[in-house]
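User: Please take a close look at one part of this model, the parallel strands and the helices that link them. Set that part against the whole chain, and finish with the ligand shell.

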Amino acid sequence: MYQAQEKRYDNMQYNRVGTSGLKLSAISLGFWHNFGDVDKMTTQKEVVFTAFDHGITHFDLANNYGPPAGSAETNFGRILKDDLHHYRDEIIVSSKAGYYMWPGPYGEWGSKKSIVASCNQSLKRLGLDYVDIFYHHRPDSNTPLEETAQALDLLVRQGKALYVGVSNYSPEQTAAISKLFKALHTPFIIHQPPYNMFNRRVEEGLTDVLAAEGLGAIVFSPLAQGLLTNRYLNGIPADSRAHRADSPFLSEERVAATLSKVRQLNEVAENRGQTLAEMALAWNLRLPEIASVLIGASRVSQLLDNLKALDNLDFTPKELVRIDEILK
Ligand SMILES: NC(=O)c1ccc[n+]([C@@H]2O[C@H](COP(=O)([O-])OP(=O)(O)OC[C@H]3O[C@@H](n4cnc5c(N)ncnc54)[C@H](OP(=O)(O)O)[C@@H]3O)[C@@H](O)[C@H]2O)c1
């Protein structure tokens with residue numbers, strides 16, 4: 001029977017999400033990859049327990065995570081039931097609806113029908129009465145924003161979600177739905193955008209909207225799916241995401257195209273006494289709107305490396321300029 005480390009809260013930083021009362025661990029663990037039925041349950045458990053033992057309180061899921069879709073929620077549900085149920089009140093679980101999940105007109109996007117049905121399915125797979133945060137996973141230009149907002153608001157009123165969020169929304173869409181949520185008094189507190197050294201779109205207006213609306217961000221793929229680590233410095237390992245056939249969003253061509261910048265960034269990290277992964281996470285956390293970086297990890301050693309990012313979060317102006325130069 002798993003027993004969590006007593007000192008698990010000693011070295012983690014907890015950041016408030018916008019102006020809400022909720023704090024998230026500065027590093028959160030995502031279940032997009034590495035937690036499907038195709039992945040070993042023993043490794044899944046090791047990663048989850050190591051995360052929790054080091055103060056990571058937030059685990060991020062979605063209806064479609066796997067493969068197969070849904071299996072990450074089922075697997076995490078099993079871990080929760082077998083090993084973590086005593087700790088439920090120390091854990092923030094999130095899920096999402098919006099991407100394709102089941103056939104027909106209700107299995108994706110942002111209608112009330114789709115969002116409510118998907119949340120019910122997620123709760124069943126997770127074995128939970130409620131999730132702490134429920135997200136609309138991507139904007140849907142064919143559904144009135146009012147309807148999507150009402151669907152998320154309903155989930156809160158039904159007690160199925162404590163807080164709601166949006167993901168992949170533009171600054172304009174975020175400002176518009178925030179206004180609707182304010183009118184409904186919905187606890188809309190968080191945005192989940194992509195952000196890393198190779199994708200800085202968040203800086204082009206979104207952080208301004210978040211600050212103005214009192215919202216916080218949790219940023220996904222902070223390591224650019226592994227590019228911003230030492231994973232590909234000496235070639236493409238057979239078990240890496242860039243090589244695996246079930247992860248079409250990171251190609252071997254992309255690895256080759258970024259390698260020269262990655263090598264230069266790695267030098268900056270070495271001069272700071274950090275690994276590139278540690279520096280990339282610390283760099284993300286420099287923005288005040290970002291409450292948490294949402295990492296993936298295929299093994300415990302990666303997680304332990306990433307946790308060390310918190311040992312040095314400060315950058316000199318010179319280091320920041322050098323990083324900007326490399327990224328140009
Ligand atoms: N809202 C959305 O639309 C959306 C989209 C994408 C992701 N997300 C969320 O964000 C989470 C994280 O996304 P992500 O997995 O792309 O994040 P990431 O942290 O950028 O990439 C994780 C991958 O990088 C490699 N890695 C991690 N730490 C490493 C280290 N210290 N050294 C060497 N390699 C390391 C591993 O690759 P290998 O597998 O090759 O070992 C790992 O699977 C997801 O699980 C999900 O919860 C949300």
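Analyst: Start with the contacts. In the protein chain, 78% of the contacts with a separation of 6 or more are between residues 24 or more positions apart. The model is a predicted one. Its protein chain holds 10 helices and 10 strands. The radius of gyration is 19 Å, close to the 20 Å from the globule rule for 328 residues, so the chain is as compact as a globular protein of that length. The C-alpha trace spans about 50 × 45 × 40 Å along its principal axes. Of the 328 residues, 44% are buried.

Now strand 3, residues 27-30. Ile27 and Leu29 point one way, while Ser28 and Gly30 point the other way. All of them are buried. The general pattern is simple: side chains in a regular strand alternate between the two faces of the sheet.

Strand 3 has parallel pairings with two strands. With strand 10 the pairing is parallel over 3 bridges. There, serine 28 stands opposite leucine 294. With strand 4, residues 58-60, strand 3 shares 2 bridges, again parallel. Leucine 29 faces phenylalanine 59 across that pair. The connection from strand 3 to strand 4 passes through helix 1, residues 41-53, and this β-α-β crossover is right-handed.

Next, serine 94 in strand 5, residues 92-97. How buried is serine 94, and why? There are 28 other C-beta atoms within 10 Å of serine 94. The cut-off for a buried residue is 20 or more, so serine 94 counts as buried. Beyond its neighbours within four places in sequence, serine 94 contacts Asp60, Leu61, Val131, Asp132, Ile133, Phe134 and Tyr135. One of these contacts, Ile133, comes up again below. Arginine 201 lies elsewhere: its C-alpha atom is 24 Å from that of serine 94, and the two are 107 residues apart along the chain.

Strand 6, residues 131-136, runs parallel to strand 7 and is joined to it by 5 bridges. Isoleucine 133 stands opposite tyrosine 163 of strand 7. Helix 4, residues 145-157, completes a right-handed β-α-β unit with strand 6 and strand 7.

The chain then goes from strand 7 through helix 5, residues 171-184, to strand 8, in a β-α-β crossover that is right-handed. Strand 7 and strand 8, residues 188-192, run parallel and are joined by 4 bridges. In this pair serine 167 stands opposite glutamine 192. Strand 7 covers residues 161-167 and is mostly covered itself, with 6 of its 7 residues buried.

Last, the ligand. Its shell holds 31 residues, and the closest are Gly30, Trp32, Phe220, Gly226 and Gly296. Gly30 also belongs to strand 3, where it is buried. Strand 10, residues 290-295, and helix 9, residues 300-307, each supply at least two residues of the shell. Helix 9 gives the largest share, 3 residues. By type, the shell divides into 10 nonpolar, 17 polar and 4 charged residues.

To draw the part together: strand 3 pairs in parallel with strand 10, and strand 3 is also joined in parallel to strand 4. Strand 7 is joined in parallel to strand 6 and to strand 8. Strand 10, paired with strand 3, also contributes to the shell around the ligand.

Key. Residues are numbered from 1 along each chain as its sequence is written. This is a predicted model: local features need pLDDT of at least 70, side-chain atom pairs count only at pLDDT 80 or more; totals for chains, interfaces and linings use all residues. A residue is buried if 20 or more other C-beta atoms lie within 10 Å of its own, exposed if 12 or fewer, and partly exposed in between; C-beta atoms are placed from the backbone. Two strands pair if DSSP finds at least two bridges between them. A crossover is right-handed if, with the strands pointing away from the viewer, the path from the first strand over the helix to the second runs clockwise. Two residues are in contact if their C-beta atoms, placed from the backbone, lie within 7 Å. A residue is near a molecule or strand if its C-beta atom, placed from the backbone, lies within 6 Å of it. Ala, Val, Leu, Ile, Met, Phe, Trp, Tyr, Cys and Pro count as nonpolar, Asp, Glu, Lys and Arg as charged, and the others, Gly among them, as polar. The radius of gyration is taken over C-alpha atoms; the globule rule is 2.2 Å times the number of residues to the power 0.38.
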